[in-house]
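Ready for some practice in reading a protein structure? Take a look at the sequence and the model, then work through the exercises one step at a time.

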Amino acid sequence: MVHRIALLPGDGVGPEVVAEARKALDALGLAAEWVELDWGSAYYHRHGRMMPDGAVEVVRAYDAVLMGAVGDPSVPDHVTLWGLLLPIRQQLDLWANVRPGRLLPGIPCPLAGRGPKDVDMLFLRENSEGEYSGVGGRAHQGLHHEVAIETSVFTREGTERVLRLAFDLAEERRGLLTSATKSNASRYGYVLWDEVVEEVAGGFPGVRVERVLVDALAARMVRDPASLDVVVASNLFADILTDLAAALQGGMGMAASANLAPGSDAPGVFEPVHGSAPDIAGQGIANPCGAIWSASLMLEHLGEAEAAATLMAALATVCCKGPRTRDVGGTATTRQVGDAVAAAAGA
Ligand code: NAD
Ligand code: IPM
Ligand code: MN
């Protein structure tokens with residue numbers, strides 16, 4: 001079976017890291033048909049928009065999307081993200097964002113005395129609503145009594161589907177689910193979320209579930225990461241927690257993610273957790289590991305379990321033995337790391 005994959009390199013380091021992920025997939029001899037989409041900030045400067053009319057339908061025709069990142073200092077971030085990434089996630093209803101928070105052997109951990117056995121979490125991020133619903137507006141713009149309103153939207157259906165998946169994932173792992181909210185200060189959406197946790201928990205007697213306030217959870221991730229297994233949280237909270245998790249697993253360049261719509265035939269979108277990193281773009285030094293790990297997640301969801309495991313093993317070998325980029329203690333370039341992973345994957 002030939003997989004039809006759309007490559008969306010985007011901006012900044014996006015094209016640099018995605019090229020290495022594709023190289024690794026090619027080394028595996030995967031039967032794939034690729035199309036490259038040139039959407040992003042350069043496209044915006046040419047066409048006045050981040051992607052063409054009907055872009056979501058274009059993407060829908062593929063089996064999967066492998067994405068870099070978008071964002072460029074020349075365009076306001078809310079324009080780039082609401083012009084590309086967020087509409088793709090929302091219109092394909094990719095409601096589950098799965099983000100492994102695992103430290104690979106050989107990658108330095110910023111926590112003193114901690115290692116790979118301490119940092120092995122799996123984050124599930126609600127990816128379709130919550131604080132990212134895009135509901136709101138501004139009135140009296142530019143006047144002294146200007147008002148900006150940003151409304152979070154939590155639906156029972158949206159909450160329940162992501163929590164069910166969280167319990168499923170916890171059942172497959174170590175059986176602990178941590179649900180993070182802030183239902184002391186915010187008394188509507190997160191309170192509904194907490195109630196749905198209690199309801200869904202009844203169907204999963206094998207999973208121990210705990211409700212933790214998100215501020216306390218951030219501290220616990222640093223103090224005692226080994227006490228966490230699967231963590232589920234709303235769109236914004238999991239966004240923040242997964243940058244913290246990325247730091248624990250060696251840095252932004254290490255972290256991977258999968259945007260999924262379980263039970264539907266919408267293509268998954270696979271992307272590193274990091275952004276376009278304009279501060280290091282164009283220098284050939286970005287860490288491609290998060291992008292390569294995302295490609296492995298993509299293989300899993302394309303039904304290529306064996307290829308996914310081979311790629312993950314190749315990535316782990318290179319992280320352990322080197323070469324590594326400078327953000328994780330090495331001196332290698334993006335390409336040298338990508339070449340090494342491709343060589344290990346193809347061997
Ligand atoms: P960022 O993740 O781009 O960068 C944060 C820090 O991490 C920087 O110091 C950067 O150099 C470092 N970093 C990131 N990726 C790295 C890699 N692969 N290797 C080594 N170091 C890496 O976050 P930011 O600076 O907040 O955002 C930059 C731009 O990216 C903004 O426009 C933002 O909106 C956008 N963004 C896009 C996405 C996405 O498209 N998925 C995600 C996050 C941020
Ligand atoms: C991420 C990013 C995006 C998000 C931004 C760029 C909109 O930070 O994928 O983590 O917040 O979802
Ligand atoms: Mn983020």
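Below are four exercises on salt bridges and one helix, each with a worked solution.

Before you start: this is a predicted model, in which local features need pLDDT of at least 70, side-chain atom pairs count only at pLDDT 80 or more, and totals for chains, interfaces and linings use all residues. Residues are numbered from 1 along each chain as its sequence is written, chains are lettered from A and ligands numbered from 1 in the order in which they are written, and side-chain values use heavy atoms, with hydrogens and water left out.

**Exercise 1.** Find out which parts of the chain the salt bridge between Asp-229 and Arg-173 ties together.

*Solution.*
- Step 1: A salt bridge is a side-chain nitrogen of Lys or Arg within 4 Å of a carboxyl oxygen of Asp or Glu. For Asp-229 and Arg-173, the N to O distance is 2.8 Å.
- Step 2: Asp-229 sits in the loop between helix 8 (214-223) and strand 10 (230-233), and Arg-173 in the loop between helix 6 (156-172) and strand 8 (176-181), so the bridge joins parts 56 residues apart in sequence. Helices (H or I, at least four residues) and strands (E, at least two) are DSSP runs, numbered from the N terminus.
- Step 3: Now widen the view: Asp-120, Arg-173, Arg-174 and Asp-229 are linked in a network of salt bridges. The structure holds 22 salt bridges.

**Exercise 2.** Decide whether Asp-229 is buried or exposed, and do likewise for Arg-173.

*Solution.*
- Step 1: Buried means under 20% relative accessible area, exposed over 50%, and partly exposed in between (1.4 Å probe, protein chains only).
- Step 2: Asp-229 has 1% relative accessibility, so this residue counts as buried.
- Step 3: Arg-173, at 28%, is partly exposed.

**Exercise 3.** Describe the salt bridge between Arg-220 and Glu-210.

*Solution.*
- Step 1: Their closest N and O atoms are 2.8 Å apart.
- Step 2: Arg-220 belongs to helix 8 and Glu-210 to strand 9, so the pair ties together parts 10 residues apart in sequence.
- Step 3: Arg-220 is buried at 15% relative accessibility, and Glu-210 is buried at 18%.

**Exercise 4.** Check the span of helix 10 (residues 289-301).

*Solution.*
- Step 1: The expected span is 1.5 Å times one less than the number of residues.
- Step 2: For the 13 residues of helix 10 this gives 18 Å, and the end C-alpha atoms are 19 Å apart, which agrees.
- Step 3: Helix 10 is mostly covered, with 11 of its 13 residues buried, including Trp-293 and Leu-297.
- Step 4: Just after helix 10, Gly-303 has a positive phi of about 85°.
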